[in-house]
Each structure stands twice: as C-alpha cells, then as structure tokens.
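Let's take a walk through this one together. Have the sequence and the 3D view open side by side, and pick out each part as it comes up.

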Amino acid sequence: RPDDAGFWVPERTGHRWVPIEAIGWIEAARDYVLLHTDTRSHMLRATMSALEEKLAGTDLMRVHRSAFVRPTKVAEVRRANRSLTLVLDDGAHVQVGPSYIDSLTDKLGLP
C-alpha cells in the first residue's frame with residue numbers, strides 16, 4: 001500500500017490490512033501491541049516507540065507508555081487522586097501516564 005497509513009497484521013491464513021483510521025486505541029502487550037478496532041483486536045509485533053514514529057501526524061495520541069488513544073473515542077475522563085483514566089466508547093478503560101496528562105487535557109479541551 002503506497003499511502004502506508006496502516007499495518008499488515010499476520011493472521012492464520014495470511015495477512016490483513018488494518019488502516020490507521022480504523023484503530024480506536026492501541027495497548028502494549030510484551031513484545032506485541034494490540035490494535036483495537038470497532039470490530040476486533042489485532043496483534044502485531046512492534047514496539048511502542050516504532051508506533052509513535054509511524055503514528056506521528058495521525059489522530060492517535062500517546063497517553064501512557066503502553067497506550068495510544070484516538071481522542072474522538074473518549075466517552076468519559078475519570079479523575080482519582082492525581083491520576084486520569086479514560087473510558088472509551090467501547091467500554092475500555094485506559095490509564096493516562098503522568099507525563100501525558102497535560103497534552104491530553106489540552107487535546108480534549110478539558111478545564
């Protein structure tokens with residue numbers, strides 16, 4: 001794919017193209033990442049830093065050392081003590097790392 005705006009994900013029968021715009025959020029899982037779309041999750045062998053490079057300039061933003069989130073998927077922001085948890089429209093809960101709180105609250109336009 002010439003636009004390179006996605007990932008080839010290995011499957012039992014071959015590979016599946018997962019476009020970046022279909023990904024709601026991403027979480028790290030040891031040497032892999034899970035690309036969560038509306039329909040299913042895909043496992044890809046990649047590092048978070050390699051993903052950060054590839055996702056630069058897209059809507060997905062890093063919110064934790066082990067997570068990226070598409071801000072339009074955030075349904076609720078929960079504060080507890082000094083931590084933030086995002087509740088996404090699919091019901092997933094994603095912790096926000098301390099160093100990402102300011103950029104996230106700016107992006108979401110939180111008071």
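Which residues have the most contacts inside the largest nonpolar core? They are V63, V69, L86, L88, V94, V96 and L104, in a core of 15 residues. Keep in mind that what you're looking at is a predicted model. The elements β6 (61–64), β7 (67–69), β9, β10 and α2 each put at least two residues into this core. The biggest giver is β9, with three residues. There's also a second core, separate from that one, with 14 residues, F7, V18, I23 and F68 among them.

Click on L88 for a look at a core residue. Leaving out residues up to four places away in sequence, L88 touches W25, V69, K73, V74, A75 and V94. Two of those names, V69 and V94, are also on the list of residues with the most contacts inside the largest core.

Now zoom out to the whole chain. How many helices and strands does the protein chain have? It has two helices and ten strands. Reading from the N terminus, the order of elements is β-β-β-β-β-α-β-β-β-β-β-α. The radius of gyration comes to 14 Å, close to the 13 Å that the globule rule gives for 111 residues, so the chain is as compact as a globular protein of that length. Along its principal axes, the C-alpha atoms fill a box of roughly 45 × 25 × 25 Å. Of the 111 residues, 40% count as buried. As for contacts between residues at least 6 apart in sequence, 37% of them join residues at least 24 apart.

Start at the N-terminal end of the fold. Strand β1 (residues 6–11) and strand β2 (residues 14–19) run antiparallel and are joined by six bridges. A hairpin of two residues takes the chain from β1 to β2. To find your place in this pair, look for E11, which stands opposite G14 in β2.

Next comes E27, which sits in strand β3 (residues 23–29). Is E27 buried or exposed, or something in between? With a relative accessible area of 24%, E27 is partly exposed, because the buried class stops under 20% and the exposed class begins over 50%. Its side chain and that of H36 make a polar contact of 2.7 Å. H36 is also one of the residues that E27 is in contact with once neighbours within four places in sequence are set aside; the others are Y32, V33, L34, S66 and A67. If you want a distance to check on screen, the C-alpha atoms of E27 and M48 are 8.7 Å apart, with their positions 21 residues apart along the chain.

Then move on to the open sheet of three strands, ordered β8-β9-β10 and paired antiparallel. At its edges are β8 (74–80) and β10 (93–96), each pairing on one side only. On average, neighbouring strands here are turned by 25° against each other, direction ignored. Helix α2 (residues 101–108) packs on this sheet and touches β8, β9 and β10, and its direction makes about 45° with that of β9. Between β8 and β9 (residues 83–88), the antiparallel pairing covers six bridges. For a landmark in β9, take L84, which has R79 opposite.

One more stop in that sheet is T85, which is placed in strand β9. Why does T85 count as buried? Its relative accessibility is 17%, and anything under 20% falls in the buried class, so T85 qualifies. What does the side chain of T85 make a polar contact with? The partner is the side chain of Q95, at 3.3 Å. Apart from residues up to four places away in sequence, T85 touches E76, V77, R78, H93, V94 and Q95.

To pull this together, go back to β9 once more. This strand sits in the order β8-β9-β10, is touched by helix α2, and gives the most residues to the largest core.

Definitions and conventions. Residues are numbered from 1 along each chain as its sequence is written. This is a predicted model: local features need pLDDT of at least 70, side-chain atom pairs count only at pLDDT 80 or more; totals for chains, interfaces and linings use all residues. Side-chain values use heavy atoms; hydrogens and water are left out. Two strands pair if DSSP finds at least two bridges between them. Helices (H or I, at least four residues) and strands (E, at least two) are DSSP runs, numbered from the N terminus. Axes are lines fitted to C-alpha atoms, for helices over the stretch in contact, and angles run from 0 to 180 degrees between N-to-C directions. Contact means heavy atoms within 4.5 Å. A nonpolar core is a set of buried Ala, Val, Leu, Ile, Met, Phe, Trp, Tyr and Cys residues joined through side-chain atoms within 4.5 Å. Buried means under 20% relative accessible area, exposed over 50%, partly exposed in between (1.4 Å probe, protein chains only). A polar contact is a pair of N or O atoms within 3.5 Å; within protein, one must be able to donate a hydrogen and the other to accept it, and residues adjacent in sequence count only if both atoms are side-chain atoms. The radius of gyration is taken over C-alpha atoms; the globule rule is 2.2 Å times the number of residues to the power 0.38.
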